[in-house]
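Trainee: I've got a model open and I'd like to take a close look at one part of it with you. Could you walk me through it and then connect it to what sits around it?

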Amino acid sequence: MPKLTFVAFDGARFDVDAASGSTVMEAAIRNSVPGILAECGGACACATCHVYVDDAFAEKAGRPDPMEEDMLDFAYDTRPTSRLSCQIKMTDALDGLIVHIPEKQS
């Protein structure tokens, strides 16, 4: 089972296991990670699961598709590695993934 680390805005770290095929957002919700609101439940219809993919994993996590890019327009303080965590599927290739949670969600 791939490992995943969430880094909160205050620096607190949350290390969780994420089932292959599940999303980063699902892992956050299952593990009560603060800062991931996921108001739309993973339908890519809001920007309340916004994260910054750690630079070391940006290429592996991939780029947002056009629909995700549209939703990121509503996210707070986007950056080049901004993604919606509901759109990142965990795989063995992403074992050790680190994502940073923004100061607030939109």
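Trainee: In which loop is A38 found? Please start there and take your time with the rest.

Mentor: Keep in mind as we go that this is a predicted model. A38 sits in the loop between helix 1 and strand 3. Look at its backbone: phi of A38 is near 55 degrees, a positive value in a residue other than glycine. A38 also counts as buried, because its relative accessibility is 12% and the cut-off for buried is under 20%.

Now put that loop in context. Helix 1 covers residues 24-30 and strand 3 covers 50-53, and each of these two elements supplies at least two residues of the largest nonpolar core. That core has 31 residues, and those with the most contacts inside it are L4, F6, V24, I36, L84, L97 and V99. Helix 1 gives the most to this core, with four residues. Strand 1 (3-7), helix 3 and strand 5 (97-100) each put in at least two residues as well. As a general point, nonpolar side chains tend to be buried together in soluble globular proteins.

There is another backbone angle to set beside A38. D77 has a positive phi of about 50 degrees although it is not a glycine. You'll find D77 in the loop between helix 3 and strand 4 (82-84). Buried or partly exposed, then, for D77? D77 counts as partly exposed, because its relative accessibility is 38%. D77 has a charged partner too: R79 forms a salt bridge with D77, and the closest N and O atoms are 3.2 Å apart. R79 is partly exposed, with a relative accessible area of 44%.

That pair belongs to a count of three salt bridges. Generally speaking, side chains of opposite charge can pair when their charged atoms come close. Another of these bridges joins R83 and E68, with 2.8 Å between the closest N and O atoms. R83 lies in strand 4 and E68 in helix 3, so this pair ties together parts that are 15 residues apart in sequence. Both R83 and E68 are buried.

Then swing over to K3, which forms a salt bridge with D17, the closest N and O atoms being 2.6 Å apart. K3 is in strand 1 and D17 is in strand 2, so the bridge ties together parts 14 residues apart in sequence. K3 counts as partly exposed at 47% relative accessibility, and D17 counts as partly exposed at 38%.

While you're at those strands, check the loop between strand 1 and strand 2 (13-17), where G11 lies. G11 is partly exposed, with a relative accessible area of 41%. The C-alpha atoms of G11 and H100 are separated by 8.9 Å, with the two residues 89 apart along the chain.

Last stop is back at helix 3, which spans residues 66-72 and holds D70. D70 counts as partly exposed, with a relative accessibility of 48%. Together with D65, E69 and D73, D70 forms a negative surface patch.

So, to come back to your starting point: A38 combines a positive phi with a buried position, in the loop between helix 1 and strand 3.

Terms used: Residues numbered from 1 in each chain as written. Predicted model: local features only at pLDDT ≥ 70, side-chain atom pairs only at ≥ 80, totals over all residues. Heavy atoms only, no water. Patch = residues over 30% accessible without salt bridge, like charges linked within 9 Å, V, L, I, M, F, W, Y side chains within 5 Å. Areas by Shrake-Rupley, 256 points an atom, 1.4 Å probe, with all protein chains shown as cover. Salt bridge = Lys/Arg side-chain N within 4 Å of Asp/Glu carboxyl O. Lys, Arg positive; Asp, Glu negative; His and termini not counted. Charge placed at Lys NZ, Arg CZ, Asp CG, Glu CD. Buried < 20%, exposed > 50% of the residue type's maximum accessible area, 1.4 Å probe, protein only. Core = buried A, V, L, I, M, F, W, Y, C linked by side-chain atoms within 4.5 Å.
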